[in-house]
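Here is a chain you may not have met before. Have a look at it first, and then we'll walk through some of its features.

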Amino acid sequence: MSVDSLPGQLIGGPVARPRHRPDRRWLTLVPLLAVLILLFVVPLCSLLVDSFRGGHGFTLENYREQVTSPVFWRAIRRTLVIAALSTAICVVLGYCMAYALTRVPKRLRGVLMVVVLVPYFTSILIRSYAWIAILAPSGLVAGTLALFGVDTAPELVFNQTGMLIGTVQILLPLALLPIYSVMSGIDRAPVRAAQSLGASPAVAHWHVYRPATSSAVTAAAALVFISTLGFYVTPALLGGPGDTLIAQSILVQFSNLVDPAGAAAQAVLLLLIVLVLFAVLFRYLAPSLSVGGAETATARRGRRPGRGAGDSTGRHEELRALRARILDTGLDLVGRLRLPILAGSWLVGAALLVTPLVVVAIWSFSDATYLTFPPEEYSTRWFADYFADQAWIDSTFLSLGIACASAAISVVIGGFGAFGLVRGPRRLRLPTAILVAMPMIVPPMIYSLGFFMLVAPHDLVGTNLGLILPYLVLGLPFSVSITAAALRNLDLRLENAARSLGAGPVSVVRHVLLPALRPALVSGFVFSFLAAFDDVVVATFMSGPTAVTLPLRMFQDIKLEVSPRTAVVAVVLLAAGAAAVLLRFVMAWLVRTVRVALSRLGAS
């Protein structure tokens, strides 16, 4: 007799069935939703309200000034052009490099992935700064051309050309990695079957392999294009005075022209453009990821021949056959050159990714006080200057502390939120996932301006808390997405087995979930840390006289004087990161060695 059936039998009524406990796993979403709503949605809503403020209350004058301003539309047009060119170059180059990665031996693939990932985890500010030394009139490119007898080098920096080169270098891994992740899981058996039926390798790739990668290409293009719309650091360092993009225009409107309402109106217009583009791209991307969309497209193609008469249909078929023959001829030509194309794409891509890091490392040992590459004399004077400057040391420790604090909080809140997102009610998953992704989609300039205008009256500007809160929001998408992916791959039978043995919820979390999720939590911490440590835009608004982060101090030093001091900071940070990775491998090796020794000792 069960305890649940006892009251029903005592009162002579029917036996009551045991009731299930209410599912309260959605409660783990509460901290995540609270942080995103209070620290992300509310600042954007406040920005929207401020954009309608005028001297006499509510007004549309701010929007009228921006919409009728040719300067604003030139910045928008210039931003869209740079975004389109960067997207096209990154996707084409990233596609070739990703395909080459899937065809090389495993050991070489690991080396090439290091070439891609090391620059990806390097500061955007450092990489943009390095291009000044590469593209300047006295830089690497000019010196190389002089060796071949070209005395007058083209102007490649402080214009749209330098801006485009720096943007492509920074966003190339963002296009390559999603495409490679899909390519690495594609079965090549259909391609081999097409070749066995007489198709050339290029024709088989176009008609069989390419459609399987179309969703990844679309996603990569969307990531690169939307990311470029909010770019600030690279255009500010490599662009000229007349090459202002929309993110720079917003900051100029706010700081130089002292027009917060006008800056808010520009930010809202940019936000509207980003959201519309995201909705359109998502609409076209979603059918490619679903069976229903493919069936609809197939049915639509199947209905086309029935629209016209027989003669019209015959002409369409002839034109289609002619286009197919022309396409196959061009593909055969490309197929004969596929090895030079793939090798050349990797030479260009590796040069773009690695050259800035090499240049920064060499430039840090320059003895000159101005920009010249290669250095005429070498010394460590700038290392001594960095370690002797208390302001730079204070900024370094401030950035480390703020980044660690925001990343730690982000991992905790993101871990709970990921659990609720994966295990919670289904109806909350899609809106929560969209809200979590928004800090990665909304340009940092828009969010930083909204957050500043919201918290400035509360004396949070120039404080550690004022820096930690926005960095917490920027780190949440990484911690939530990485932890949620690990939770989806976790075997539920491990948790059920622990509960069947009497383990409570706390014991299950401590002994089952945390050990299994430790790699994901560490990865989420690293990405959240880098998002905070590499930021310039938020620091531009939220830093104060006594709280200047290291990236902001580096940015200001570059704008005032291009000297090797920033290269020294870059080398110190790269060395610290390399030392941390090396220490991690050494510790893992020591742990394995001790375990093997103890097991042998126990066996003997």
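Is Asp459 buried or exposed? With a relative accessible area of 65%, Asp459 is exposed. Keep in mind as you read that this is a predicted model.

## The chain as a whole

Let's start with the big picture. The chain has 604 residues, and 44% of them count as buried. Its secondary structure adds up to 27 helices and 2 strands.

How do distant parts of the sequence come together? Take the contacts with a separation of 6 or more: 78% of them are between residues 24 or more positions apart.

## Two loop residues with positive phi

Back to Asp459, which sits in the loop between α21 (444–455) and α22 (464–488). Its phi is near 60°, a positive value in a residue other than glycine.

Val258 also has a positive phi, of about 50°, and it is not a glycine either. You'll find Val258 in the loop between α13 (246–256) and α14 (260–288). With a relative accessible area of 63%, Val258 is exposed.

## The nonpolar cores

Now for the inside. The largest nonpolar core has 141 residues, and the members that touch the most others are Tyr232, Leu449 and Phe541. Which helix gives the most to this core? That would be α4 (residues 70–103), with 12 residues. Domain 1 (23–50 + 391–548) and domain 2 (59–289) both supply residues to this core, so it lies between them. As a bit of background, nonpolar side chains in soluble globular proteins tend to be buried together.

Let's zoom in on Tyr232. Leaving out residues up to four places away in sequence, Tyr232 touches Ala247, Gln248, Leu251, Met445, Val537 and Phe555. Apart from the largest core there is another one, made of 10 residues, including Phe419, Val422, Leu487 and Leu521.

## Where α8 meets α17

At what angle do α8 and α17 pack? Helix α8 (160–183) and helix α17 (residues 338–363) pack at about 100°, and their axes are 10 Å apart. Angles of 65 to 115 degrees count as roughly perpendicular, so α8 and α17 are roughly perpendicular to each other.

On the α8 side, the contact is made by Ile165, Val168, Gln169, Leu172 and Pro173, while α17 brings Gly349, Leu352, Leu353 and Pro356. Sorted by class, this contact has 7 nonpolar residues, 2 polar ones and no charged ones.

Another residue to find in α17 is Ile341. Ile341 is partly exposed, at a relative accessible area of 35%. Setting aside neighbours within four places in sequence, Ile341 is in contact with Cys96 and Val334. Ile341 and Ala100 are 241 residues apart along the chain, yet 9.7 Å separates their C-alpha atoms.

## More loops to look at

Just past α8, try Gly185, in the loop that leads on to α9 (189–196). Gly185 has 66% relative accessibility, so it counts as exposed. From Gly185 to Thr102 is 83 residues in sequence, but 9.5 Å in space, C-alpha to C-alpha.

Is Thr122 buried or exposed? This one is buried, with a relative accessible area of 4%. Thr122 has its place in the loop between α5 (106–120) and α6 (124–135). Beyond its neighbours within four places in sequence, Thr122 is in contact with Arg127, Leu357 and Leu574.

Then there's Asp534, in the loop between α24 (505–533) and α25 (537–542). Not counting residues up to four places away in sequence, Asp534 touches Ser123, Ile124, Leu125 and Pro551. Asp534 and Phe121 are 413 residues apart along the chain, with 9.6 Å between their C-alpha atoms.

## One last stop: Leu492

Finally, look for Leu492 in helix α23 (residues 492–500). Leu492 counts as partly exposed, at 43% relative accessibility. The C-alpha atoms of Leu492 and Leu513 are 10.0 Å apart, and the two residues are 21 residues apart along the chain.

How values were computed
Residues are numbered from 1 along each chain as its sequence is written. This is a predicted model: local features need pLDDT of at least 70, side-chain atom pairs count only at pLDDT 80 or more; totals for chains, interfaces and linings use all residues. Side-chain values use heavy atoms; hydrogens and water are left out. Helices (H or I, at least four residues) and strands (E, at least two) are DSSP runs, numbered from the N terminus. Buried means under 20% relative accessible area, exposed over 50%, partly exposed in between (1.4 Å probe, protein chains only). A nonpolar core is a set of buried Ala, Val, Leu, Ile, Met, Phe, Trp, Tyr and Cys residues joined through side-chain atoms within 4.5 Å. Domain bounds come from an automatic or database domain assignment. Contact means heavy atoms within 4.5 Å. Axes are lines fitted to C-alpha atoms, for helices over the stretch in contact, and angles run from 0 to 180 degrees between N-to-C directions. Angles under 35 degrees count as roughly parallel, over 145 as roughly antiparallel, 65 to 115 as roughly perpendicular and the rest as oblique. Ala, Val, Leu, Ile, Met, Phe, Trp, Tyr, Cys and Pro count as nonpolar, Asp, Glu, Lys and Arg as charged, and the others, Gly among them, as polar.
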